[in-house]
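Colleague: Could you take one part of this model and go through it closely, setting it in the context of the whole chain?

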Amino acid sequence: MCDTDSLLIIGCPFCERSGKLVYSERKFIGWDGAGIKHKKFSIYVTCPRCHSRGPLVTSDTVAGCDPNSSNPQEREVSREILAPYARKAISGWNRRVSKSSSRPFSKKVCTS
Ligand SMILES: [Zn+2]
């Protein structure tokens, strides 16, 4: 019903700055026969101002993935592959925020 809800990164619990999704290379697994790199990534949401961090989500091994590539097309494809993990990291961050905050959050952006 409300799929985009889980992709909305809400504000930092400490300074209310909006969180930023970070993809960091966790582990280099190796090359396959076709010369493609296999890696694992850590994905989390962090606050650019006070550096608080949401839960770390580690991906399964993915092939030929570079979510921080300078090539926009490669970046987009890679982030699509990692989207399920990104969603998990975002919902973890959002859950933590709403729990530790004293003020009510307007979480439901698409209910009408
Ligand atoms: Zn913050």
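Modeller: With 12 C-beta neighbours inside 10 Å, alanine 83 counts as exposed, because a residue is classed that way at 12 or fewer. The model is a predicted one, and that should be kept in mind for everything that follows. Alanine 83 has its place in helix H2, and its C-alpha atom is separated by 9.9 Å from that of serine 59, a residue 24 positions away along the chain.

Helix H2 also has a part in the interior: the largest nonpolar core has 13 residues, and those with the most contacts inside it are Ile43, Leu82, Tyr85, Ala86 and Ala89. At least two residues of this core are supplied by each of strand E2 (37-46) and helix H2 (83-100), with H2 giving the largest share, five residues.

Isoleucine 43 can be followed further, since its contacts are listed here apart from neighbours within four places in sequence. Isoleucine 43 is in contact with Leu82, Tyr85, Ala86 and Ala89, and also with Leu21, Tyr23, Val57 and Ser59. Serine 59 thus appears twice in this account, once as a contact of isoleucine 43 and once as the residue whose C-alpha atom is separated by 9.9 Å from that of alanine 83.

As for the wider setting, the protein chain comprises two helices and four strands, arranged along the sequence in the pattern β-β-β-β-α-α. Of its 112 residues, 21% count as buried, and among contacts between residues at least 6 apart in sequence, 56% join residues at least 24 apart.

Notes:
Residues numbered from 1 in each chain as written. Predicted model: local features only at pLDDT ≥ 70, side-chain atom pairs only at ≥ 80, totals over all residues. Buried ≥ 20, exposed ≤ 12 C-beta atoms within 10 Å, placed from the backbone. Contact = placed C-beta atoms within 7 Å. Core = buried A, V, L, I, M, F, W, Y, C linked by C-beta atoms within 7 Å.
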